Structures are given as structure tokens and as C-alpha cells.
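Colleague: I'm new to this one. Could you walk me through it, one question at a time?

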Amino acid sequence: MTEGFAGYYQADELPHPQLDRQFYEGVTTRRLVSWIFDTVLTGIISVIISIFTLGILFWFFPLVVTVVSFFYRWNSISQRSATPGMRMTGIEFRDRLGQKFSSGQALAHTFLFTVCITSVIGQIVSIVLMLTTPKGQGLPDMLLGSTAINRPV
């Protein structure tokens with residue numbers, strides 16, 4: 001059995017959204033709060049990096065933010081299956097087998113997230129999916145079979 005889920009579901013699947021509602025309650029709102037937190041934090045990091053280049057990187061600020069955000073997300077998700085904002089709100093990613101993300105899964109999710117966030121259509125599709133799917137999955141989650149859940153105690 002997966003740590004924290006013993007007795008709730010098989011080790012080879014995610015918790016069921018109707019049988020194990022506690023894993024999904026409030027996750028969509030928590031994802032929004034964590035996304036805002038992470039966006040502000042990566043923005044601050046990007047400003048600091050740009051200042052240390054004597055302002056040269058401000059000419060390429062959208063690219064700097066994208067690169068910083070990518071590495072921030074990939075690094076934090078590969079280590080703890082959650083970004084700092086997600087940890088703050090008590091959620092984490094799980095793969096289709098209910099396991100925490102590996103570094104490769106974190107890379108794939110971060111890449112798909114970055115593609116979605118840089119596209120208005122990708123953002124809209126992800127938001128609609130998070131609001132309408134039983135597990136609150138965004139587009140990257142749907143493509144990978146993963147989801148965000150409330151962190152098991």
C-alpha cells in the first residue's frame with residue numbers, strides 16, 4: 001500500500017473521487033492559491049536575477065520568468081511532488097498509480113504546464129477541466145493520468 005493511503009484504495013490507482021472525497025475537497029481552490037503564490041515567488045526571483053545582470057535581462061523578462069518558473073516547478077515537484085505553494089496549501093501531485101512524481105514525471109508535467117500557461121487556449125481548457133472533472137484534473141494532469149490531491153496525513 002502507498003504511504004498515507006492504506007485502506008483507502010489499491011496501491012495501483014488514485015483515490016476514487018466519490019468514495020474518498022477527502023482527497024479532493026477544496027483542491028481546485030487550493031491549486032489556484034498555490035499557483036498565485038508560486039507565480040509571485042517566481043516573479044520576485046526573476047526580478048532579482050534581472051537586477052543582478054544590471055538590468056540587461058529586463059529586455060527579455062517574459063523569457064526569464066518562463067525559464068525561472070520552469071526550473072522552479074520541475075525542481076520542487078521532482079523533490080516533493082509539490083511546489084512550495086502547493087505544500088503551503090496542503091496539496092501534492094500523484095501519478096496514475098497514486099505514487100509521488102518521479103523526476104521524469106515532474107519534467108513532463110512541468111513541460112505540459114508551461115505549454116498550457118503560455119497559451120490562452122491551454123489555460124482555458126485546463127481551468128474548465130479542473131472545474132468539471134471528478135478529480136479536478138487540468139490538461140497536463142489529464143494527459144499524464146495524474147492529479148493533485150490533499151496531502152495524506
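Modeller: Sure, here are some questions and answers about this structure, and keep in mind that the model is predicted.

Colleague: Let's start with helix H1, residues 27–52. How far does H1 reach from its first C-alpha to its last?

Modeller: H1 has 26 residues. At 1.5 Å a residue, the expected span is 38 Å. The model comes close to that, with a reach of 37 Å.

Colleague: Which helix gives the largest share of the nonpolar patch on the surface?

Modeller: The patch is formed by Leu32, Trp35, Ile36, Val40, Ile44, Ile48, Phe52 and Ile117, with about 760 Å² of accessible area together. Seven residues of the patch come from a single helix, residues 27–52. That helix is H1.

Colleague: Take Trp35, then. Is Trp35 buried, partly exposed or exposed?

Modeller: Trp35 is found in helix H1 and belongs to the nonpolar patch. Buried would need under 20% relative accessible area and exposed over 50%. Trp35 has 37% relative accessibility, so it counts as partly exposed.

Colleague: H1 must have another side to its story. Which residues of H1 are buried, and what covers them?

Modeller: The buried residues of H1 are Val27, Arg31, Ser34, Asp38, Thr42, Gly43, Ser46 and Ser50. Their cover includes H2, H3, E1, helix H5 (120–132), helix H6 (139–144) and E2.

Colleague: What comes after H1 that has a positive phi?

Modeller: Look in the loop between H1 and helix H2 (61–80). A residue there has a phi near 60°, a positive value, and is not a glycine. At 79% relative accessibility it counts as exposed. The residue is Leu54.

Colleague: And Ser81, which also has a positive phi: is Ser81 buried or exposed?

Modeller: Ser81 has a phi of about 65° although it is not a glycine. Its place is the loop between H2 and helix H3 (84–89). The cut-off for buried is under 20%. With a relative accessible area of 1%, Ser81 is buried.

Colleague: Which residues does Ser76 touch, leaving out those up to four places away in sequence?

Modeller: Ser76 sits in helix H2. Its relative accessible area is 9%, so Ser76 is buried. One of its contacts is Ser81, the loop residue with the positive phi. The full list is Ser81, Ala82, Thr83, Pro84 and Arg87.

Colleague: On to the strands. In which sense do E1 and E2 pair, and which residue in E2 stands opposite Ile91?

Modeller: Strand E1 (residues 91–94) is covered on both faces. Ile91 and Phe93 are buried on one side, with Glu92 and Arg94 buried on the other. E1 joins strand E2 (residues 147–150) over four bridges, and the sense is antiparallel. Opposite Ile91 in E2 stands Asn150.

Colleague: Last one: how far apart in space are Met142 and Leu19, C-alpha to C-alpha?

Modeller: Met142 is found in helix H6 and counts as partly exposed at 39% relative accessibility. Leaving out residues up to four places away in sequence, Met142 touches Leu129, Thr133 and Gln137. Met142 and Leu19 are 123 residues apart in sequence. In space, C-alpha to C-alpha, their separation is 20 Å.

Terms used: Residues are numbered from 1 along each chain as its sequence is written. This is a predicted model: local features need pLDDT of at least 70, side-chain atom pairs count only at pLDDT 80 or more; totals for chains, interfaces and linings use all residues. Side-chain values use heavy atoms; hydrogens and water are left out. Patches are made of residues with over 30% relative accessible area and no salt bridge: like charges are joined within 9 Å, nonpolar side chains (Val, Leu, Ile, Met, Phe, Trp, Tyr) within 5 Å. Accessible areas come from the Shrake-Rupley method with a 1.4 Å probe; for residues, only the protein chains shown count as cover. A salt bridge is a side-chain nitrogen of Lys or Arg within 4 Å of a carboxyl oxygen of Asp or Glu. Helices (H or I, at least four residues) and strands (E, at least two) are DSSP runs, numbered from the N terminus. Buried means under 20% relative accessible area, exposed over 50%, partly exposed in between (1.4 Å probe, protein chains only). Two strands pair if DSSP finds at least two bridges between them. The expected span of a helix is 1.5 Å times one less than its number of residues. Contact means heavy atoms within 4.5 Å.
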